[in-house]
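Trainee: Could we go through this structure together, charges and burial included? I would like to learn how each conclusion is reached.

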Amino acid sequence: MQKLRLVFAGTPAAAVPSLTRLAASDHEVVAAVTRPAAPLGRKRVLTPSPVASAAERLGIHVIEAARLDADATGRIGALRPDLGVIVAYGGLVREPLLSSPAHGWINLHFSLLPAWRGAAPVQHALIAGDAETGASVFRLVPELDAGDVYGERRRQIAPDETAGDLLAELAVSGAELLAEVVDAIAAGTAAATPQSGAPTFAPKLDIDDARLDWNLPAARVRDRFRGVTPEPGAWTTVDDQRLKVLDLADAPDAAPLAPGAIAVSGRRVLIGTGTHPLELRRVQPAGRTAMPAGDWWRGAGREQAVAR
């Protein structure tokens, strides 16, 4: 098997298992390309990306680039990579960079392609109520997430998994799949298959996408909650004040409530939907820290309220 010179491009925590796995392989990761440090937290502290931090720990050269422009293309090309590997970098690879490595570029994507092409595949799979998802490694082409697929991992989605839970698991299992594909390319045995079926798309979610609609059936409300947790973060309004919803459970045994109506039953804070109620377990009122829903309700001194 040929030892490949790899350039890795990725930014968030979900890309770190792949970088770590490739760094431990028989191949050489000659650089990690990542988006520049960004201000985070209330104090807006300039913070390197998770991939940048991991690369520095591993002793891998870091190239910070907001986009893969002519400058980044030149810096990457100078390293003479055999293969480019991308995992959630957050930018497009265009020509001439796309054809620069001898074996082109491959991409680890967290869906079963052609389902959920785009920036938020895990989130959209949960919002849609999918029962199954997985990870795919495909050859990068100019069209969004449309290249031939080298391999995939499939898994069932558990009823209570959030996007954060699912992405963390796929990041690890996907890293193993990615390493297998890299080895197969190096050995000359890799075979890619064209994607089959009608694609669906998964654009990036914003804060408006995370608002919960209590008029929908309980299952659909839960699906959206799971899909937008932890980012961009589920929310609703109560008395015109935004309330983040951090934990939301099914409560099919509870007495019916009107959509959005909030009531206490024993120790549970219940909220109505288009079908049966759900249980608010943990919330974060505007300007305050996270707390159990019961503490929030008692602290507000309400007898009744409606979420909208």
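Mentor: Happily! One cut-off to start with: a residue is called buried under 20% relative accessible area, exposed over 50%, and partly exposed in between. Please keep in mind that this is a predicted model.

Trainee: Is Asp253 buried or exposed?

Mentor: Asp253 sits in the loop between strand E11 (241-250) and strand E12 (261-265). Its relative accessibility is 59%. Because the cut-off for the upper class is over 50%, Asp253 counts as exposed.

Trainee: Which residue forms a salt bridge with Asp253, and how many residues apart in sequence are the parts that the pair ties together?

Mentor: The partner is Arg268, with the closest N and O atoms 3.4 Å apart. Arg268 is partly exposed, at a relative accessible area of 22%. Since Asp253 belongs to a loop and Arg268 to strand E13 (residues 268-271), the pair ties together parts of the chain separated in sequence by 15 residues.

Trainee: Where does Arg117 find its salt-bridge partner, and what is that partner?

Mentor: The closest N and O atoms of this pair are 3.6 Å apart. The pair links distant parts of the chain: Arg117 is in the loop between E7 and helix H4 (121-127), while its partner is in the loop between strand E8 (132-139) and strand E9 (149-156), 26 residues apart. Arg117 is buried at 7% relative accessible area, whereas the partner counts as exposed at 51%. That partner is Glu143.

Trainee: Which helix holds both Asp223 and Arg226?

Mentor: The side chains of Asp223 and Arg226 meet in a salt bridge of 3.2 Å, N to O, and both residues are buried. They are three residues apart, about one turn of the helix, and that helix is H6 (residues 218-227).

Trainee: How many salt bridges does the structure hold?

Mentor: Besides the pairs above, there is a network of salt bridges linking Glu132, Glu152 and Arg154. For the structure, the number of salt bridges is 14.

Trainee: Which residues form the positive surface patch with Arg42?

Mentor: Arg42 lies in the loop between strand E3 (38-40) and strand E4 (45-47). At 81% relative accessible area, Arg42 is exposed. Its companions in the patch are Arg211, Arg242 and Lys244.

Trainee: What does the side chain of His109 contact?

Mentor: His109 lies in strand E7 (residues 105-109) and counts as buried, at 5% relative accessibility. A polar atom of its side chain is 2.8 Å from the backbone oxygen of Trp116.

Key:
Residues numbered from 1 in each chain as written. Predicted model: local features only at pLDDT ≥ 70, side-chain atom pairs only at ≥ 80, totals over all residues. Heavy atoms only, no water. Patch = residues over 30% accessible without salt bridge, like charges linked within 9 Å, V, L, I, M, F, W, Y side chains within 5 Å. Areas by Shrake-Rupley, 256 points an atom, 1.4 Å probe, with all protein chains shown as cover. Salt bridge = Lys/Arg side-chain N within 4 Å of Asp/Glu carboxyl O. Lys, Arg positive; Asp, Glu negative; His and termini not counted. Charge placed at Lys NZ, Arg CZ, Asp CG, Glu CD. Helix = DSSP H or I, 4+ residues; strand = E, 2+ residues; numbered from the N terminus. Buried < 20%, exposed > 50% of the residue type's maximum accessible area, 1.4 Å probe, protein only. Polar contact = N/O pair within 3.5 Å; in protein donor to acceptor, adjacent residues only side chain to side chain.
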